[in-house]
Amino acid sequence: MKRILSLLILCSLLEAKVEEGSITVNGEMLEVKVSTTYSPQPSYPRSALRQGIEGYVVVEFDVSPNGEVLDPFVVETDQPGLFERAALRSVRRWAFEPYVHEGVPVTVSDVTTTFRFVLSD
């Protein structure tokens with residue numbers, strides 16, 4: 001019970017995140033930063049919680065000109081089959097401040113973020 005309460009407290013202390021991605025301008029790739037306006041954290045999977053398992057998931061996605069997450073997929077995880085679903089479900093709900101280049105909102109590609117699933121004592 002103490003672990004669950006610690007996890008809930010940790011999730012409630014979240015703030016806007018800044019993630020890096022890229023845009024293509026005149027055939028040249030530029031690294032840019034995008035900021036979340038809404039980034040709920042994933043639920044800790046019950047099976048992992050019961051077994052006391054911790055882990056991480058790296059997710060890659062694009063951000064649309066409207067600030068929506070497009071086509072998220074798992075790049076890496078240390079616990080295959082345990083945390084990917086929760087991470088993908090969460091990131092699909094994220095929203096970003098649209099990235100504007102020369103006055104026009106553009107798609108930001110190859111944005112990555114890491115979800116860490118950690119139990120507190």
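**Notebook: glutamates, core and helix H3**

I began with glutamate 19, which has its place in strand E1. Before going further I noted that this is a predicted model, and I read every distance below with that in mind.

**Entry 1, glutamate 19.** I looked up whether the residue has a charged partner, and found that glutamate 19 is buried yet has no salt bridge. The nearest side chain of opposite charge is that of lysine 17, at 5.0 Å, which I set against the salt-bridge cut-off of 4 Å. What the side chain of glutamate 19 does have is a polar contact with the side chain of threonine 113, at 3.1 Å. Leaving aside residues up to four places away in sequence, I listed the residues that glutamate 19 touches as Val32, Lys33, Val34, Trp94, Phe96, Val111, Thr112 and Thr113.

**Entry 2, the salt bridge.** I then asked how many salt bridges the structure holds, and the count is one. The side chains that meet in it are those of glutamate 20 and lysine 33, with 3.0 Å from N to O. Because glutamate 20 lies in strand E1 and lysine 33 in strand E2, the pair ties together parts that are 13 residues apart in sequence. I checked the accessibility of both partners: glutamate 20 counts as partly exposed at 45%, while lysine 33 is exposed, with a relative accessible area of 51%.

**Entry 3, the whole chain.** To place these strands I went back to the overall layout, where the protein chain has three helices and eight strands, running α-β-β-α-β-β-α-β-β-β-β from the N terminus. Of its 121 residues, 36% count as buried. I also noted that, among contacts between residues at least 6 apart in sequence, 71% join residues at least 24 apart. The exposed area comes to about 7,500 Å², of which carbon and sulfur atoms supply 50%.

**Entry 4, the core.** Which residues of the largest nonpolar core touch the most other members? They are Val59 and Phe61, in a core of 23 residues. Strand E1 (18–25), strand E2 (28–38), strand E3 (55–63), helix H3 (84–91) and strand E8 (108–117) each supply at least two residues of this core. I followed valine 59 outward and, not counting residues up to four places away in sequence, recorded contacts with Pro72, Phe73, Val75, Ala87, Leu88, Val91, Val111, Thr112, Thr113 and Phe115.

**Entry 5, helix H3.** Three of the names in that list, Ala87, Leu88 and Val91, are also among the buried residues of H3, which made me look at the helix itself. H3 is mostly covered, with six of its eight residues buried, namely Glu84, Ala86, Ala87, Leu88, Ser90 and Val91. Among the elements that cover these buried residues are E3, E4 and E8.

**Entry 6, threonine 77.** Since E4 is part of that cover, I looked up threonine 77, which is found in this strand (residues 69–77). A polar atom of the threonine 77 side chain lies 2.9 Å from the backbone oxygen of tyrosine 56, and the side chain also reaches the backbone nitrogen of glutamine 79 at 3.3 Å. Apart from residues up to four places away in sequence, threonine 77 touches Tyr56, Val57 and Glu84, and Glu84 is one of the buried residues of H3.

**Entry 7, glutamate 54.** I next turned to glutamate 54, in the loop between helix H2 (46–51) and E3, which counts as partly exposed at 36% relative accessibility. A polar atom of the glutamate 54 side chain lies 2.8 Å from the backbone nitrogen of leucine 119. With residues up to four places away in sequence left out, glutamate 54 touches Tyr44, Asp78, Gln79, Phe83, Phe117, Val118 and Leu119. For one of these, phenylalanine 83, I noted a separation from glutamate 54 of 29 residues in sequence and 9.1 Å in space, C-alpha to C-alpha.

**Entry 8, positive phi.** Most residues other than glycine have a negative phi, so I looked for exceptions. Asparagine 26, in the loop between E1 and E2, has a positive phi near 50 degrees and is exposed, with a relative accessible area of 80%. Aspartate 71 has a positive phi near 50 degrees too, but its place is in strand E4, and it is exposed, with a relative accessible area of 60%.

Note on methods
Residues are numbered from 1 along each chain as its sequence is written. This is a predicted model: local features need pLDDT of at least 70, side-chain atom pairs count only at pLDDT 80 or more; totals for chains, interfaces and linings use all residues. Side-chain values use heavy atoms; hydrogens and water are left out. Helices (H or I, at least four residues) and strands (E, at least two) are DSSP runs, numbered from the N terminus. Buried means under 20% relative accessible area, exposed over 50%, partly exposed in between (1.4 Å probe, protein chains only). Contact means heavy atoms within 4.5 Å. Accessible areas come from the Shrake-Rupley method with a 1.4 Å probe; for residues, only the protein chains shown count as cover. A nonpolar core is a set of buried Ala, Val, Leu, Ile, Met, Phe, Trp, Tyr and Cys residues joined through side-chain atoms within 4.5 Å. Lys and Arg count as positive and Asp and Glu as negative; His and the chain ends are not counted. A polar contact is a pair of N or O atoms within 3.5 Å; within protein, one must be able to donate a hydrogen and the other to accept it, and residues adjacent in sequence count only if both atoms are side-chain atoms.
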